[in-house]
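Here is a friendly walk through one molecular model for someone meeting it for the first time. Take a look at it, then read on.

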Amino acid sequence: MKILVIAETKESKLKSTALEMISFCQQAKIPFDLLTLGPAEDAHTLGAETCIGVHQILSARDSASLVAQHLPAYTLILGTASLAGKDLFARVSAQSMRHLYQDVTQLALQGETLTITKPIYAGKAFAKIEVNTVPALVTVRPNALGVHLTEQENTSTQTNKSEATTTTDREVLTKVEQGQSERPDLTESRVVISGGRSLKNSENFNILWQLADCLGGTVGASRAAVDAGYATHAMQVGQTGKTVSPKVYVACGISGAIQHLAGMKTSKHIIAINTDPDAPIFKIADYGIVSDLFELVPKLTEKLS
Amino acid sequence: MAHLLTESWINEFFFIAVVLSASSFFGFTIASRIKSILPGPQDNRFDQPFKRIKNIFKHVFAQSKMWRRPSIGLAHFLIFWGFCMVSLGTIAFLLEGLRFHVGWAQNFIFLGIQDFFTVLVIAAVLFAFFRRLVLKPNHVRLSGDALFILGMILCLMVTDLCIDGASATLKGELKSQAWASFSLAHFLGFPNWSPSVLAGFHLVNWWIHLITVFLFLCYLPFSKHFHVITAAPNIFFGTLIPWGRMKTLDLENSEHFGVDRLDQLSWKQKLDTLACTECGRCSDACPATTMGKKLDPANIIINLRHHLEHKDVNTSLHGQTISEEELWACTTCAACMHACPLTIEHIPAITDMRRHLVLMEGKMPEEAMLALRNLEQKGNPWGISEQERESWLDTQGITPLNEGDSVDLLFWIGCAGSFDDRSKKIVLAMIKILNHAKISFGVIGKHESCTGDPARRIGNEYLFQMLVQGNVEALNKFNYKKLLTICPHCMNSLKHEYQEFGLYNSKILHHSVFIKELMDKGLIRLKEAQASQTVTLHDSCYLTRYNDIVDAPREALKSVPGTQLIEMKRHGKSNFCCGAGGGRMWMEEDKSARVNVQRAEEAVQTGAQTLITECPFCMTMMRDGTRAMSEKERADPMVVKDIAEWVSEHLA
Ligand SMILES: Cc1cc2nc3c(=O)[nH]c(=O)nc-3n(C[C@H](O)[C@H](O)[C@H](O)COP(=O)(O)OP(=O)(O)OC[C@H]3O[C@@H](n4cnc5c(N)ncnc54)[C@H](O)[C@@H]3O)c2cc1C
Ligand code: SF4
Ligand code: SF4
């Protein structure tokens with residue numbers, strides 16, 4: 001058994017999803033190669049050499065043809081079920097005509113037999129599949145495996161730079177640019193404070209920003225607030241705006257139209273502040289506060305900071 | 001038209017030369033046009049010949065749609081019939097030129113009638129000039145083409161009168177029955193002219209007339225007035241299938257879905273492009289055009305024609321000829337098709353091109369993609385857990401039927417009614433009415449999913465068929481006589497699109513019609529009027545234009561004591577869309593001012609206290625529209641209620 005781990009990096013560090021896959025290989029005591037997708041120099045600084053079990057570190061730009069070229073040498077190719085990972089693996093699978101298992105939530109190796117678990121019917125059920133095609137292409141859902149690293153200087157690691165001899169990729173990722181804002185991205189933020197039409201003007205949104213800043217979050221808006229010009233379209237949460245699923249979503253003066261709910265209903269904890277006790281938002285809120293947001297929100301900020 | 005035969009063989013030689021060359025040129029052009037539209041998928045338009053002939057009477061002879069604008073309708077009617085009459089004269093003119101003796105053409109009664117029409121046509125043409133050059137209505141595109149054609153018609157008529165007057169004078173047969181040429185002859189003083197001058201005058205007019213006839217004929221296929229020839233066939237071959245039934249794609253055996261190139265449009269769809277007169281009636285009615293979006297239904301048809309005329313058949317329509325932005329702006333409201341006097345079918349062209357984008361290229365607005373994914377995974381466009389369909393019914397004490405159960409009336413709740421808080425109130429109001437009228441009914445709860453209307457209209461036929469199969473299987477497990485829905489989109493699909501997929505029962509009722517039925521049966525008792533209340537009704541396009549439901553909701557409303565209906569300017573079959581159809585409900589509208597706000601303004605302008613809707617999506621649009629307005633202009637937004645709510649609130 002030989003495994004190739006396709007590791008995603010961010011700012012020259014391995015992402016935690018890569019460490020998860022490394023942990024898996026370590027626990028299964030199987031030597032593996034690591035392919036990082038990014039500029040070649042990065043490989044050294046990744047801290048990957050310190051991981052036991054890494055044989056070889058290849059590095060290359062994101063290239064499906066390159067991965068496809070390396071394919072025959074391995075029995076299992078592991079990657080992350082991220083947006084980029086799923087995209088890459090789909091292309092690799094198509095180019096090499098190999099079976100692909102996306103968004104896997106459990107991996108089990110017994111001897112040479114690989115068993116995977118993955119959601120089907122949009123998560124309504126899980127399928128356990130014994131994989132007996134070689135090489136198998138698998139992307140693993142983030143946080144599914146967990147990180148339990150064994151670190152030690154590993155002397156036998158080689159680092160190679162690998163370039164695809166031919167590429168059929170029509171698009172190649174060359175650069176990732178960070179957004180300007182210090183604040184977290186709306187779709188990634190752990191805390192989102194949203195305001196609706198009732199905010200009355202864009203200045204009033206500042207009271208939401210203050211609360212968001214003190215919780216390390218960001219601010220969203222209903223479409224009514226966007227239409228009225230109190231917030232930008234980039235801030236719109238809902239069916240025709242952004243879909244968010246933060247740990248905490250605070251809806252301030254939002255009635256809870258289904259078009260809005262469609263964009264935030266999967267948030268872990270929903271807190272609603274509204275003067276109307278019959279507002280539909282209270283039906284899906286975990287915590288509902290019947291109160292004037294102009295009084296309550298500044299008080300909350302004061303208490304929390 | 002009397003022809004004074006000139007003895008010169010040169011005249012005759014040129015006459016025959018002109019007739020032959022012009023007719024062969026014309027024949028050749030028509031043949032090549034027919035050849036250019038033929039390649040394409042099958043499209044049988046030869047069924048139900050009697051219905052088709054009836055349409056010819058209705059739309060060609062009676063010009064029924066033209067009368068919606070009475071003044072231009074009359075002018076066009078006169079030009080049309082005048083032209084037909086005058087054409088008889090032209091045929092006689094040509095036959096006589098070929099030395100046939102045409103007795104009836106010399107008949108003074110015929111000449112008199114002909115004169116009458118000639119003068120009518122002149123008047124109508126002058127009016128058309130006036131309208132285009134002076135009145136300049138918005139939708140009319142001022143084009144040299146139109147003026148040239150009008151000019152030619154005028155020339156034909158005037159020369160015709162001159163020829164008749166001159167020839168009658170020369171023959172000494174100038175009689176007052178041919179009153180127009182008679183008057184003209186006297187006005188110009190023909191009897192006092194020397195015969196040779198008059199003969200020369202006659203000859204010149206005769207030649208101008210002849211050449212104009214053929215110039216007209218040969219120019220026609222290159223102008224928008226080609227409709228003189230294409231209109232009748234286009235109307236004859238017009239669709240007889242309900243507008244609400246989209247063509248089913250064969251997903252198993254096709255290699256290409258939707259329309260990318262012209263040869264993927266059927267011959268009739270291409271004939272449409274040749275029939276368009278660019279009159280702009282469709283654009284005038286279109287909500288997208290009205291709001292200033294890029295979509296203009298006339299342009300879709302005209303641009304397809306330009307593509308047909310000037311581009312290789314293998315070039316894609318997408319991009320240069322038709323942009324994605326145009327295609328996604330359409331609400332499938334059918335205002336264009338309702339307006340078009342030539343029964344051109346805009347929507348199938350638009351949705352066929354959407355199908356290509358979605359099924360072949362995976363291109364669509366991101367929000368639409370989300371809605372489709374939700375439909376696929378959760379069976380409803382908002383992606384809410386399907387459990388909730390039943391759980392809220394539970395909270396209302398309504399238990400869904402068990403498989404195999406029988407009921408008279410099955411109430412199909414629909415996604416909006418199941419998940420959207422505002423629409424749930426419509427369902428409850430309807431249930432209150434049913435209970436009041438002691439009508440027993442059943443619901444099927446979790447067995448329902450989205451009917452697939454948005455998926456189909458966005459262009460994802462695959463998803464549509466998947467949803468239909470699930471729903472048909474579910475519905476066929478129950479025994480029912482009628483199916484009731486509060487959603488015009490559910491109703492339309494169930495009624496027109498589901499039979500093909502095996503739905504046994506097709507008695508599908510919209511709640512406004514059912515309420516009216518119950519009222520007629522005397523099953524609904526209403527409160528005495530306390531005070532007069534004014535309402536206005538926003539029609540749903542899928543009820544009026546797609547399903548001919550116009551009167552039932554109006555009568556139901558008027559039956560409620562004290563309710564006074566004030567109509568908006570655009571209502572019934574000419575209503576203005578709310579902006580939600582054709583999957584637009586699931587897409588952002590940021591390219592122009594919003595359709596729903598425009599419509600809300602029209603409702604507010606009536607001065608009515610309450611705005612009544614008949615569709616949960618219209619409801620959302622009208623509520624949002626009135627609120628957006630109220631921000632600027634009104635303290636409180638106009639109250640919006642569904643017709644079921646209105647009736648249920650007035651139950652005794
Ligand atoms: C095609 C389409 C797409 C749409 N997409 C989206 C979308 O992506 N996202 C979205 O959000 N909407 C969307 N909508 C709009 C949606 O239908 C609602 O109109 C909108 O969400 C309402 O916004 P709101 O809650 O801010 O305003 P309202 O519904 O007007 O609610 C205001 C609320 O504030 C409360 N309130 C007032 N004053 C105070 C106060 N001082 N303190 C506390 N509470 C107060 C009121 O009780 C009320 O509940 C869409 C609509 C359509 C037609
Ligand atoms: S269906 Fe309605 S929106 Fe679409 S082109 Fe026709 S009039 Fe315009
Ligand atoms: S499609 Fe019909 S309504 Fe529209 S411009 Fe052409 S002829 Fe007129």
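What follows goes through the ground rules, the domains, the contact between two of them, the contact between chains, and two ligands.

## Ground rules

This is a predicted model, so local features need pLDDT of at least 70 and side-chain atom pairs count only at pLDDT 80 or more, while totals for chains, interfaces and linings use all residues. Residues are numbered from 1 along each chain as its sequence is written, chains are lettered from A and ligands numbered from 1 in the order in which they are written, and side-chain values use heavy atoms, with hydrogens and water left out.

## How chain B is divided

Chain B splits into domain 1 (65–222), domain 2 (262–363), domain 3 (379–519) and domain 4 (524–649). Those bounds come from an automatic or database domain assignment. Let's look at domains 2 and 4 of chain B, whose C-alpha centres sit 29 Å apart.

## Where domain 2 meets domain 4

In chain B, 20 residues of domain 2 are in contact with 21 residues of domain 4, contact meaning heavy atoms within 4.5 Å. The area buried between these two domains of chain B is about 1500 Å², with carbon and sulfur atoms giving 63% of that. Buried area here is the accessible area (1.4 Å probe) that two parts lose on being put together, summed over both. Which residues do the most on the domain 2 side? Met291(B), Lys293(B) and Thr331(B) supply 35% of the area that domain 2 of chain B buries against domain 4 of chain B, more than any other three residues.

Lys293(B) turns up again in a salt bridge with Glu589(B), 2.9 Å from N to O. A salt bridge is a side-chain nitrogen of Lys or Arg within 4 Å of a carboxyl oxygen of Asp or Glu, and one is found across this interface of domain 2 and domain 4 of chain B. There are also nine residue pairs in polar contact across the interface of domain 2 and domain 4 of chain B, both residues at pLDDT 80 or more. A polar contact is a pair of N or O atoms within 3.5 Å; within protein, one must be able to donate a hydrogen and the other to accept it, and residues adjacent in sequence count only if both atoms are side-chain atoms.

By class, the side of domain 2 of chain B that touches domain 4 of chain B has eleven nonpolar, five polar and four charged residues. Ala, Val, Leu, Ile, Met, Phe, Trp, Tyr, Cys and Pro count as nonpolar, Asp, Glu, Lys and Arg as charged, and the others, Gly among them, as polar.

## Where chain B meets chain A

Here 20 residues of chain B are in contact with 18 residues of chain A. About 1700 Å² is buried between chain B and chain A, and carbon and sulfur atoms give 48% of it. Three salt bridges are counted between chain B and chain A. Arg594(B) and Asp227(A) meet in a salt bridge through their side chains, at 2.5 Å from N to O.

## Two ligands

Ligand 1 lies between chains A and B. Oxygen atoms of ligand 1 lie 2.6 Å from a polar side-chain atom of Ser255(A), 2.7 Å from an N or O atom in the side chain of His260(A) and 2.9 Å from one in the side chain of Asp624(B).

Around ligand 3 there are 13 residues, of which Cys276(B), Cys279(B), Cys282(B), Cys340(B) and His346(B) come nearest; a residue counts as near if one of its heavy atoms lies within 4 Å. The shell around ligand 3 divides into eight nonpolar, three polar and two charged residues.
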